[in-house]
Amino acid sequence: RDMVYSDHVALKGCHQETHDKLLCNQFYVRKGSPWVIEDWGAEQISSDLQLAGGGNRVCSNLAVRSMVWVKMRKNRKNAGPAVYLMCTHITGGRFEDQYFVQQL
């Protein structure tokens, strides 16, 4: 619900049971993979910006966006170079762009 700012049309496209769930980014490692997870985390990447509303737009806080990351090595821990993978959903899209355009 928060990610689409309670937009009724957008919510109709989602299963009802997911409306109040958090949107999250995830990584999956296949069973038997040679990659070993050494570390992981998540960070909030959105600001606490207040959207002004007006013109039938919602007045609320900017939806929370997050970034998840994982540090992995192939085969053995602490042997060879590591890789960092990151997954995020960047602020923007039809719901948020309209607020930023009003500032131009």
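Here are some friendly notes on this structure, which is a predicted model.

1. **Overall layout.** Let's start with the fold as a whole. The chain contains two helices and five strands, and from the N terminus on their order is α-β-β-β-β-β-α. In other words, a helix stands at either end of the run of elements, with the strands in between.

2. **Burial and surface.** The chain has 104 residues, and 24% of them count as buried. About 7,900 Å² of the chain is exposed, and carbon and sulfur atoms supply 55% of that area.

3. **Contacts along the chain.** Take the contacts in the chain with a separation of 6 or more: 59% of these are between residues 24 or more positions apart. The next points give some individual pairs that are far apart in sequence.

4. **Salt bridges.** How many salt bridges does the structure hold? There are two, and Glu38 takes part in each: one is with Lys71, the other with Arg73. In the bridge to Lys71 the closest N and O atoms are 3.7 Å apart. In the bridge to Arg73 the corresponding distance is 2.7 Å. Because the two bridges share a partner, Glu38, Lys71 and Arg73 are joined into one network.

5. **What the network connects.** Which elements do these residues come from? Glu38 is in strand 1 and Lys71 in strand 4, so their bridge ties together parts of the chain that are 33 residues apart in sequence. Arg73 is also placed in strand 4, and its link to Glu38 spans 35 residues. Are the partners buried or exposed? Lys71 and Glu38 are both buried, and Arg73 is buried as well. If you have the structure open, these three residues are a good place to look.

6. **Around Lys71.** Lys71, in strand 4, has further neighbours besides its salt-bridge partner. Leaving aside residues up to four places away in sequence, Lys71 touches Val36, Ile37, Glu38 and Asp39, and also Ala82, Val83 and Tyr84. For Asp39, the C-alpha to C-alpha distance to Lys71 is 5.1 Å, although 32 residues separate the two in sequence.

7. **Around Asn75.** Asn75 sits in the loop between strand 4 and strand 5, the latter covering residues 83-88. With a relative accessible area of 51%, Asn75 counts as exposed because the cut-off for that class is over 50%. Which residues does Asn75 touch, not counting those up to four places away in sequence? They are Pro34 and Val36. From Asn75 to Val36 the C-alpha to C-alpha distance is 6.4 Å, with their positions 39 residues apart in sequence. Val36 is also among the residues that Lys71 touches.

8. **The second largest pocket.** This pocket holds about 170 Å³ of space and is lined by 13 residues. Those nearest its centre are Phe27, Ile37, Trp40, Trp69 and Val70. Strand 1 (35-44) and strand 4 (66-74) each supply at least two residues of the lining, and strand 4 gives the most, with four. These are the two strands that the salt bridges of Glu38 link, as in the pairing with Lys71.

9. **Character of the lining.** What kinds of residues line the second largest pocket? The lining divides into 10 nonpolar and three polar residues, with no charged ones. One of the lining residues nearest the centre, Ile37, is also touched by Lys71.

How values were computed: Residues numbered from 1 in each chain as written. Predicted model: local features only at pLDDT ≥ 70, side-chain atom pairs only at ≥ 80, totals over all residues. Heavy atoms only, no water. 1 Å grid on protein atoms, 1.4 Å probe; cavity = no way out; pocket = protein on both sides within 12 Å on 5 of 7 lines; lining within 4 Å. Points joined across faces, edges and corners; volume = space filled by probe spheres on them. Nonpolar A, V, L, I, M, F, W, Y, C, P; charged D, E, K, R; others polar. Salt bridge = Lys/Arg side-chain N within 4 Å of Asp/Glu carboxyl O. Buried < 20%, exposed > 50% of the residue type's maximum accessible area, 1.4 Å probe, protein only. Contact = heavy atoms within 4.5 Å. Areas by Shrake-Rupley, 256 points an atom, 1.4 Å probe, with all protein chains shown as cover.
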